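Subject: Structure for you to look at

Dear colleague,

I am passing on a structure that I would like you to look through at your own pace. Please open it beside this message, so that you can follow each part as you read.

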Amino acid sequence: MANVVLNVEGMSCGHCVSSVEKAVGNLGASAKADLTSKTVAVDYDDSKLSVDAIKEAIEDQGYDVV
């Protein structure tokens, strides 16, 4: 397992957190979004999933990974 912490702009409420966590979860990874720090911590299997795919899933929800 690998982990990465991504800076994500545009999250402002509980719905945003749920959307991001669900999108990453659908990839088979585990995510914990934090509104205060504007970050998403992701635990994932780096043999099955790339950071770019995780970023794309978050951006597809309408948020910016910076």
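Below is what was found, beginning with the sheet and ending with the surface charge.

Please keep in mind that this is a predicted model. Its four strands form an open sheet in the order E2-E3-E1-E4, and the pairing is antiparallel. The edge strands are E2 (30-34) and E4, each of which pairs on one side only.

Strand E1 deserves a slower look. Six bridges join E1 to strand E3 (residues 39-44), with the two running antiparallel, and within this pairing Val-4 has Val-42 of E3 as its bridge partner. E1 also pairs with strand E4 (residues 64-65) over two bridges, again in the antiparallel sense; here the bridge partner of Val-8 is Val-65 in E4, while Glu-9 stands opposite Asp-64.

Which residues of strand E1 lie on its covered face, and which on its uncovered one? Along E1 (residues 2-9), the covered face holds Ala-2, Val-4, Leu-6 and Val-8, whereas Asn-3, Val-5, Asn-7 and Glu-9 belong to the uncovered face. In a regular strand, side chains alternate between the two faces of the sheet.

Asp-64, already met opposite Glu-9, also belongs to a patch of negative charge on the surface, where it gathers with Asp-52, Glu-56, Glu-59 and Asp-60. Helix H2 (residues 51-59) gives the most to this patch, with three residues, and Glu-56 is found in that helix.

With best wishes

Key
Residues are numbered from 1 along each chain as its sequence is written. This is a predicted model: local features need pLDDT of at least 70, side-chain atom pairs count only at pLDDT 80 or more; totals for chains, interfaces and linings use all residues. Side-chain values use heavy atoms; hydrogens and water are left out. Patches are made of residues with over 30% relative accessible area and no salt bridge: like charges are joined within 9 Å, nonpolar side chains (Val, Leu, Ile, Met, Phe, Trp, Tyr) within 5 Å. Accessible areas come from the Shrake-Rupley method with a 1.4 Å probe; for residues, only the protein chains shown count as cover. A salt bridge is a side-chain nitrogen of Lys or Arg within 4 Å of a carboxyl oxygen of Asp or Glu. Lys and Arg count as positive and Asp and Glu as negative; His and the chain ends are not counted. The place of a charge is taken as NZ of Lys, CZ of Arg, CG of Asp or CD of Glu. Buried means under 20% relative accessible area, exposed over 50%, partly exposed in between (1.4 Å probe, protein chains only). Two strands pair if DSSP finds at least two bridges between them.
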